[in-house]
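User: I'm new to this structure and would like a close look at a single part. Could you pick one charged side chain, tell me how open it is, and then work outwards from there?

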Amino acid sequence: MNGTFRIEQLRPIKDGMTISRDARLGSSNRVTFFSLGKDTSISQERYDTTSIYLGAKGTATFLIGEDAKKQSLTEGDLLVVSGGTLCGVEANDGTVYTEIITKKENHMNSIIKSGEVMKLKDLISYEEGSISNLDVVSNDTMKFVLMAFDEGTGLTPHRAPGNAIIFALEGSATIGYEGTDYTLSEGENFRFDKNGLHSVTANGRFKMGLLLVLE
């Protein structure tokens, strides 16, 4: 994963197949890219800990709880499922998403409703001349945070304390990484390795999600 990429490029949809790929961000919090082909499914199961789902392409229909309540996850959506909750997935036309299985003892923002799909970019607002941050879910080895950059703002070069992936949610930005500039646009992703020198400069207004694994 060098430079910008899309999850569906790493794990293309194949008819009749369910395929998973370890993102290799860490071991305490398992991050996996999933693709489900047309008319495939994953049966309901329970994780002991919180699971997080981020939509990348197509529509994934999640079946939540004993009554299998249906929730549709599309590109740019977030779904948080509490530990011990039955959860399955169906794909009528093929879908791609990221699954994050966290450690116990998570801290979750009070605006997040478990078992309900939420549009990530709508959870955070732009603030004039500023960069705003919103922690979604975190524990001592992982953080998923949203950031909104007003026009003309950015982060100066710094080093990541862990492996990380950016999810571009709205607008575009220039990502400086180890001496090279990359343009990151809505729907694209970018990976930083631990201690990688990077910067973010908004091209107009820009919103992103950042998954940081501190291991």
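Analyst: Let's start with K121, which is partly exposed, with a relative accessible area of 25%. On this scale, buried means under 20%, exposed means over 50% and partly exposed lies in between, using a 1.4 Å probe and protein chains only. Before going on, keep in mind that this is a predicted model, where local features need pLDDT of at least 70, side-chain atom pairs count only at pLDDT 80 or more, and totals for chains, interfaces and linings use all residues. Residues are numbered from 1 along each chain as its sequence is written, and side-chain values use heavy atoms, with hydrogens and water left out.

So who is the partner of K121? The side chain of K121 meets that of E170 in a salt bridge, at 3.8 Å from N to O. The rule asks for a side-chain nitrogen of Lys or Arg within 4 Å of a carboxyl oxygen of Asp or Glu. In general, side chains of opposite charge can pair when their charged atoms come close. This pair ties together distant parts of the chain: K121 is in the loop between β12 (118-119) and β13 (131-139), E170 is in strand β16, and 49 residues separate them. Helices (H or I, at least four residues) and strands (E, at least two) are DSSP runs, numbered from the N terminus. E170 is partly exposed too, at 22% relative accessibility.

The count comes to 9 salt bridges. One of them joins D135 to K143, with the closest N and O atoms 3.8 Å apart. D135 is partly exposed at 35%, and K143 is partly exposed at 32%. Another joins R191 to D193, where the closest N and O atoms are 3.1 Å apart. Here R191 counts as buried, at 13% relative accessibility, whereas D193 is partly exposed at 39%.

What about a charged residue that goes without? R11, in the loop between α1 (7-10) and β2 (18-22), is buried yet has no salt bridge, and the nearest side chain of opposite charge, E8, is 11 Å away. Lys and Arg count as positive here and Asp and Glu as negative, while His and the chain ends are not counted. Leaving aside neighbours within four places in sequence, R11 is in contact (heavy atoms within 4.5 Å) with residues including F33, F34 and V96.

Back to D135: with sequence neighbours within four places left aside, it is among the contacts of F144, along with others such as L54 and F167. F144 also belongs to the largest nonpolar core, where, of 32 residues, L78, F144 and L146 touch the most other members. The largest share of this core, 4 residues, comes from strand β14 (residues 142-149). A nonpolar core is a set of buried Ala, Val, Leu, Ile, Met, Phe, Trp, Tyr and Cys residues joined through side-chain atoms within 4.5 Å.

And β16, the home of E170? It gives two or more residues to the lining of the largest pocket, as do α1 and β5 (51-58). About 260 Å³ of space lies in that pocket. A pocket is an open set of points on a 1 Å grid over the protein atoms alone, where a 1.4 Å probe fits and protein lies on both sides within 12 Å along at least five of seven lines; lining residues have an atom within 4 Å of a point.

Key. Grid points are joined across faces, edges and corners, and a volume is the space filled by probe spheres set on the points.
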